[in-house]
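Here's a walk through the fold, from the chain as a whole down to a few individual residues. Have the model open as you read.

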Amino acid sequence: MIGSGRCLPQRESPLCVPGVTWADPPKIVAMKILISNDDGYQAPGIVALYEALKGLAEVEVVAPEHNNSAKSNALSLHSPLYVHTAYNGFRYVNGTPADCVHIALTGLLGYRPDLVVSGINNGANMGDDTIYSGTVGAAMEGYLFGVPAIAFSQTEKGWAHLEDAGQMAARLVSQLLPSLENGPPADPWLLNVNIPNRPMTELRGFKVARLGRRHAAEQVISQTNPRGDTMYWIGSAGKAKDDAEGTDFHASLQGYATITPLKVDLTDHDRLAYWAPTAASLSNAAAEPAATGGATS
Ligand code: MN
């Protein structure tokens, strides 16, 4: 016979235990993390991130089939997306990083993750890189859907000390997860994290940093293909221009993993007033509603 016990707060198949009540029901539902990246589902960085986080939560991977670095927030609107599952359970998509997170959150997963994590990227995403970064783009897609999100990158290419970077990621995620236990925060956050390629013993910890700035990118490189056509390769990212104290460039060189909270609003608030007269001088007086007059009684 069923008694008057309370139900445990499971998300699936609520479990009612007769005659037993809990003043403070134990939390038995694991947190859920969605992992993506821009280097592709086979990249060592995403494997390291999965391995580092799988003990902290239920973790699912939905990532691009191929390298999609510098795809930013691009969505594929003119071609269909296909999802396949790799031997290790990772799902991969013939699309961009933002595509992966977008379809995961809008139907593929069938649930809302508590956190979206992207990376670990093969190389820095500091300063202006964040505008182009597919790693940041994947995280930002989660953020745009109201899910807190973190983009992780190693500051140097080549995956040196990748396992240590994974441990640093796990350290940050495990610190943040408890704050998400009661649902998404009213004001979700987006963090950009860059981890120096150093062994754990040489990493000094985390430091909050603002984005630095880079010089403009290097010159485009032109070559001739075997059929005589000229082709162009986008040049390397520019060197750091603003790497002053307080920037991600500066702190990472000092051995800190940097945490930069990002926002999406690109408005130059300081210059709204500066541009107002220009807009006013271009106003179409004929379309202005009459200041006085109109209906009379
Ligand atoms: Mn990348």
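## The chain as a whole

Let's start with long-range contacts: among those in the chain with a separation of 6 or more, 73% link residues 24 or more positions apart. Keep in mind that this is a predicted model. Its 7 helices and 13 strands belong to a chain of 297 residues, 38% of which count as buried.

## The sheet

Nine strands make up an open sheet with mixed pairing, and reading across it gives E3-E4-E2-E1-E5-E6-E7-E13-E8. At the edges sit strand E3 (83-85) and strand E8 (205-208), each of which pairs on one side only. On average, neighbouring strands here are turned by 25 degrees against each other, ignoring direction.

Over at the E3 edge, the partner is strand E4 (residues 91-93), running antiparallel and joined to E3 by 3 bridges. Thr85 stands opposite Arg91 of E4 there.

## Strand E6, boxed in

What about E6 and the strands beside it? E5 and E6 are parallel and share 4 bridges, with Asn121 partnered by Ser153 in E6. E6 and E7 are parallel too, over 6 bridges, and here Ile150 has Leu191 of E7 as its bridge partner.

How many of the residues of E6 are buried? The count is 6 of the 6, so E6 is largely enclosed by the rest of the structure. In a regular strand, side chains alternate between the two faces of the sheet. E6 shows two such sets: Ala149, Ala151 and Ser153 point one way, Ile150, Phe152 and Gln154 point the other, and all are buried.

## Helices on the sheet

Helix H1 (residues 44-53) lies across four strands, namely E1 (32-36), E2 (58-64), E5 (115-121) and E6 (149-154), and runs at about 135 degrees to E5. Helix H4 (residues 134-144) also packs on the sheet, where it touches E1, E5, E6 and strand E7 (190-195). The direction of H4 makes about 170 degrees with that of E6.

H1 has a helix partner as well: it packs with helix H5 (residues 162-176) at an angle of about 45 degrees, their axes being 8 Å apart. That angle is over 35 but under 65 degrees, so the pair counts as oblique. The crossing of H1 past H5 is right-handed. On the H1 side the contact includes Pro44, Gly45, Ala48 and Leu49, while H5 contributes residues including Leu162, Ala165, Gly166 and Ala169.

## The cores

The largest nonpolar core has 53 residues, and the members touching the most others are Ile35, Leu49, Leu53, Val117 and Ala139. Take Leu49: beyond its neighbours within four places in sequence, it is in contact with Ile35, Val117, Gly119, Ile120, Phe152, Gly166 and Ala169. A second core, separate from that one, has 5 residues, among them Ala124, Leu211, Ala240 and Phe249.

## A loop residue worth a look

Now find Ala43, in the loop between E1 and H1. Is Ala43 buried or exposed? It has 21 other C-beta atoms within 10 Å, and the cut-off for burial is 20 or more, so Ala43 is buried.

Its contacts, leaving aside neighbours within four places in sequence, are with Asn37 and Asn122. Trp159 is 116 residues from Ala43 along the chain, and the C-alpha atoms of the two are separated by 9.8 Å.

Key
Residues are numbered from 1 along each chain as its sequence is written. This is a predicted model: local features need pLDDT of at least 70, side-chain atom pairs count only at pLDDT 80 or more; totals for chains, interfaces and linings use all residues. Two strands pair if DSSP finds at least two bridges between them. Axes are lines fitted to C-alpha atoms, for helices over the stretch in contact, and angles run from 0 to 180 degrees between N-to-C directions. Two residues are in contact if their C-beta atoms, placed from the backbone, lie within 7 Å. A nonpolar core is a set of buried Ala, Val, Leu, Ile, Met, Phe, Trp, Tyr and Cys residues joined through C-beta atoms within 7 Å. A residue is buried if 20 or more other C-beta atoms lie within 10 Å of its own, exposed if 12 or fewer, and partly exposed in between; C-beta atoms are placed from the backbone. Angles under 35 degrees count as roughly parallel, over 145 as roughly antiparallel, 65 to 115 as roughly perpendicular and the rest as oblique. A crossing is left-handed if the near helix is turned anticlockwise from the far one by less than a right angle, and right-handed if clockwise.
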